[in-house]
Amino acid sequence: MNYSTIKKTAVAASLVAALGFADVAQAQTVFGGRSQYRTWSIGVQGGITTPNVLIGGSNNFGQKVGYFQNKVGEYYGLTVRKQFSHLFGLELEGNRGSIKTYNHDVSGPASENSLGAKSAKTDVNWAASLNGVFQLGTIDFLRRENSVNFYAKVGLGVLANNPVQYANNDFTGTEVYNEKGNWGAEIFGDRTNTGDKDFKLAAYVPVGVGAKFKLSEVVALNLGYTMNFTDDNLLFGPGRSDVKGKYSNVYGGLEFTLGSRDKQNLTFANPVATMYDELKDPSLRNEVEALKQRVSTLEGTVNTLNTDSDGDGVSDKFDKEPNTPAGAVVDGSGRQIKFPEAAANEFTDASGYTAPIQFEFDSSVLKTQSYATLDKLAKEVRDNNSSVTLDGYASAEGTEAYNVSLSKDRANAVKQYLVNAGVASSKITANGYGEANPVASNATEEGRVQNRRVEIKK
């Protein structure tokens, strides 16, 4: 191969790699990962060659392809393939065999060389190529698994060959051209012995189509047709030096998938089936039904936990007093808290004292049961154009400085509610005294609940 051939070979190889590995990158997430599939396979194949291609054109032995008679030659080989996704794989292919053609009087003009050759046979010692294989039939909307898969392939390779031309048309008798043992340098029909090799090298591009038939989980029948375009104008020996040689091969063979039989063959994987597994796979459908039942049970449990019949903010499941009156101040167990100074949500007359507003631990958020008391207070202050003082307190947990801040936030929360209810902000004074002035012992939870409060003074 000359330098220009090497350049063309490199460009074609880059194109095949770009097409292939673009799909490989996309396949990194295919069906949850390639590790769950069998992706390696080897194949054996055999068939015949013809000195022409389906798209027509000329060859270097004779004139147009139709002017010389086809003669089939044998062709056989091996393949090793790595499947990267259900769409694409890379295949290393090796073959050997022969390509034959002959020309006689009734078929047209004689071979276009000065040797008077009537037939030619090209021995292919070996042909090796790297092919990108594109799967065309892996998606089937009617069946869960494919048993037939169509594909196309294109690649780049090198073949070692030696053409022999004969004076007759049956590939026997006098050899008018055979440079076996003389290759190793460019020979353009001058028969100058400038080398010592039995075969010359040529680059070629195989382009083909085929179909695979799944015979079992391991074995598939592989049938195909490949057109091979070379950069060799001596593929069949001296002739038209401006024409590059070409040939086709038709083959059949068996392909064996490697790996554990517990895994699916990625070559025949159907991505549509994955989306319909819930409908097609009984075990998955049963799992989905079981999950639905579990979700239903969890929803029922959540509804039970959310049920609060007396509206005191404590779920019935944990409420020790499930029938406390509306607006009653309760502890974490739903039990009503009794204040000695005054009944909850009631106003006293002489002292001007109103039942305190209770808060949860480490919280300055108003409880809904406090709204009724604050609504009454707001109405009274508005009607009498009076003022009110709010003194916030906290239980003894935490630091003193933190509790002063928390008690101030509690007083301001009550103030904001009154302002939203129409009381002028100037009529309200909010103070925070932290742990000071406890109304019950901080040694018990019941006492601490009473100390988390805002006292209202008019």
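## Helix crossing, salt bridges and a nonpolar patch

Helix H5 passes helix H6 in a right-handed crossing, the label used when the near helix is turned clockwise from the far one by less than a right angle. The model here is predicted, so local features need pLDDT of at least 70 and side-chain atom pairs count only at pLDDT 80 or more, while totals for chains, interfaces and linings use all residues. Residues are numbered from 1 along each chain as its sequence is written, and side-chain values use heavy atoms, with hydrogens and water left out.

Back to the helices: the axes of H5 (residues 371-384) and H6 (residues 400-420) come within 9 Å and cross at roughly 60°. That makes the two oblique, the class left over once angles under 35 degrees (roughly parallel), over 145 (roughly antiparallel) and 65 to 115 (roughly perpendicular) are taken out.

Now for the charges. With a salt bridge taken as a side-chain nitrogen of Lys or Arg within 4 Å of a carboxyl oxygen of Asp or Glu, the count comes to 18. Here are three of them:

| Acid | Base | N to O distance |
|---|---|---|
| Aspartate 232 | Lysine 200 | 2.2 Å |
| Aspartate 383 | Lysine 379 | 2.8 Å |
| Aspartate 391 | Lysine 457 | 3.5 Å |

Burial is set by relative accessible area: under 20% is buried, over 50% exposed, and in between partly exposed (1.4 Å probe, protein chains only). Aspartate 232 and lysine 200 are both buried. Aspartate 383 and lysine 379 sit four residues apart in helix H5, about one turn of the helix; aspartate 383 is exposed at 52%, and lysine 379 is partly exposed at 47%. The pair of aspartate 391 in strand E14 (residues 388-392) and lysine 457 in strand E16 (residues 453-457) links distant parts of the chain, 66 residues apart. Aspartate 391 is buried at 5%, whereas lysine 457 is partly exposed at 37%. There's also a salt-bridge network that links Glu397, Glu445, Arg448 and Arg452.

Last, the surface. A nonpolar patch with about 960 Å² of accessible area together includes Trp40, Ile42, Val44 and Leu130. Patch members have over 30% relative accessible area and no salt bridge, with nonpolar side chains (Val, Leu, Ile, Met, Phe, Trp, Tyr) joined within 5 Å and like charges within 9 Å. Strand E2 gives the largest share, three residues. Leucine 130 is found in strand E6 (residues 119-135) and is partly exposed at 43%.

Conventions:
Areas by Shrake-Rupley, 256 points an atom, 1.4 Å probe, with all protein chains shown as cover. Axes fitted to C-alpha atoms, helices over the stretch in contact; angles between N-to-C directions.
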